Amino acid sequence: MTVQKQTASLSWDDVRIFLELARTGSLSAAARGLRISHATVGRRVAALEADLGRTLVERRADGYALTVEGEAVFRLADGMDERALAILRRGGWEEGLTGTVRLTATQALTDRFLVPRLGPFRARHPGIDLEVTVDNRTLSLARREADLAIRMARPEHGDLVARRLSTVAYGLFAIAGAPDALIGYDEALADLPEAVWLARHASGRRVSFRSNSVQAQLAAARAGFGAALLPVWLAAGETELQPVAMAGPPLTRELWLVLHRDMKEVPRVRAVIDHLVALFEAGLQPPGGTVSTPAYGAGCADLNFHSSKIGN
């Protein structure tokens, strides 16, 4: 009698969703990271447990924790998602100048600088669709939450490459006759360099308005709440705002373009990179300012990308 060996069939999507839940410990966080519903996360993890005949996670008061079997499966599956996504990224090399490129940046930079200057890109590359996520969180490039990220700091983790786009200068700005008060950040952003600068050089002054949004702080300054610490390029476009003398040295921050190293040679991603780099080489300018049409001749090899692995 011939004995046939049975091979279990697993759904890769179920494994991928399990990995995200294992890493985040939360249905809502996993759902956000994967851009699916809470119910889908729970249903697919339950399906994986049924396929394996094992309980992988258990519900606790503070979220989800792995069982002993779950820990074993996680150790076996950890890294599979990144390797699978690497295959997908390499597959994108052949797609040419078509398809979607996902870009993430902060609200003010997206609304007031980037989007108004994307017309020439659209005219030159009508086959490329852009998906722009406005978010101050550090979205995962490795998990393909975004293909490109513009961040206010060079990343220190992950198999990423980065190029410094610009140095952003900050200043205090208020309307004429505004009270001697500050516009600041909420407590959740107390570690932000802007908030640290205000605490160090403007302590003791009343904070009449707080927000985690630079756009809201700008609006509050226009409304007369006091002085806001704003990027100079952004405040320069507001004719009613005037510079306010600062007690300490001016704050500067760097803007970095960050991507996974496997995406460097994908043609549609390179096209977006070329456009972004040309925009910033022309200079951060206030809303309504003019930027010359970018030159598209620069390739990634010429963009001075640097590895962002720890120790490099």
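Let us start at one small residue: Ala174 is buried, with a relative accessible area of 7%. Its place is in strand S6, which covers residues 160–175. Since this is a predicted model, everything described here is a feature of that prediction.

What does Ala174 touch, once residues up to four places away in sequence are set aside? The partners are Gly226, Ala227, Glu240, Leu241, Gln242 and Val244. Another residue to look for from here is Leu229. Ala174 and Leu229 are 55 residues apart in sequence, yet their C-alpha atoms are 9.2 Å apart in space.

Leu229 also leads us to our next stop, Gln217. Leaving out neighbours within four places in sequence, Gln217 is in contact with Leu229 and Ala228, and also with Ile183, Gly184, Tyr185, Phe209 and Ser211. Gln217 lies in helix H9, residues 214–222. Is this glutamine buried or exposed? Gln217 is buried, and its relative accessible area is 0%.

Now step back to see the whole chain. It holds 11 helices and 12 strands. Of its 312 residues, 44% are buried. Contacts that link distant parts of the sequence feature strongly: among contacts with a separation of 6 or more, 77% are between residues 24 or more positions apart.

Helix H6, residues 107–114, is a good place to look at burial again. Buried here means under 20% relative accessible area, and 6 of the 8 residues of H6 are buried, so the helix is largely enclosed by the rest of the structure. Those buried residues are Ala108, Leu109, Thr110, Arg112, Phe113 and Leu114.

Next, turn to the early part of the chain, where helix H3 packs with two other helices. One of them is H1. Helix H1 (residues 12–24) and helix H3 (residues 38–52) pack with their axes 9 Å apart, at an angle of about 115 degrees. Angles of 65 to 115 degrees count as roughly perpendicular, and H1 and H3 are therefore roughly perpendicular to each other. Their crossing is left-handed. On the H1 side, the contact is made by Asp13, Asp14, Val15, Ile17, Phe18 and Leu21; on the H3 side, by Val41, Arg44, Val45, Ala47, Leu48 and Asp51. Sorted by class, this contact has 8 nonpolar and 4 charged residues, with no polar ones.

The other partner is helix H2, residues 27–34, which packs with H3 at an angle of about 100 degrees, the axes being 8 Å apart. That makes H2 roughly perpendicular to H3. Which residues bring H2 and H3 together? Leu27, Ser28, Ala30 and Ala31 in H2 meet His38, Val41 and Gly42 in H3. By class, the contact of H2 with H3 has 4 nonpolar and 3 polar residues, and no charged ones. Val41 is worth finding in the view: this residue of H3 takes part in the contact with H1 and also meets H2.

Finally, a word on confidence. The mean pLDDT of the chain is 81, and 79% of its residues reach 70 or more. At the start of the chain, residues 1–7 have pLDDT below 50, and this stretch has 0 contacts in the model beyond near neighbours in sequence. Over residues 290–312 the pLDDT likewise stays under 50, but here the model has 62 contacts beyond four places in sequence.

Conventions: Residues are numbered from 1 along each chain as its sequence is written. This is a predicted model: local features need pLDDT of at least 70, side-chain atom pairs count only at pLDDT 80 or more; totals for chains, interfaces and linings use all residues. Side-chain values use heavy atoms; hydrogens and water are left out. Axes are lines fitted to C-alpha atoms, for helices over the stretch in contact, and angles run from 0 to 180 degrees between N-to-C directions. Helices (H or I, at least four residues) and strands (E, at least two) are DSSP runs, numbered from the N terminus. Angles under 35 degrees count as roughly parallel, over 145 as roughly antiparallel, 65 to 115 as roughly perpendicular and the rest as oblique. A crossing is left-handed if the near helix is turned anticlockwise from the far one by less than a right angle, and right-handed if clockwise. Contact means heavy atoms within 4.5 Å. Ala, Val, Leu, Ile, Met, Phe, Trp, Tyr, Cys and Pro count as nonpolar, Asp, Glu, Lys and Arg as charged, and the others, Gly among them, as polar. pLDDT is the predictor's confidence in each residue, from 0 to 100. Buried means under 20% relative accessible area, exposed over 50%, partly exposed in between (1.4 Å probe, protein chains only).
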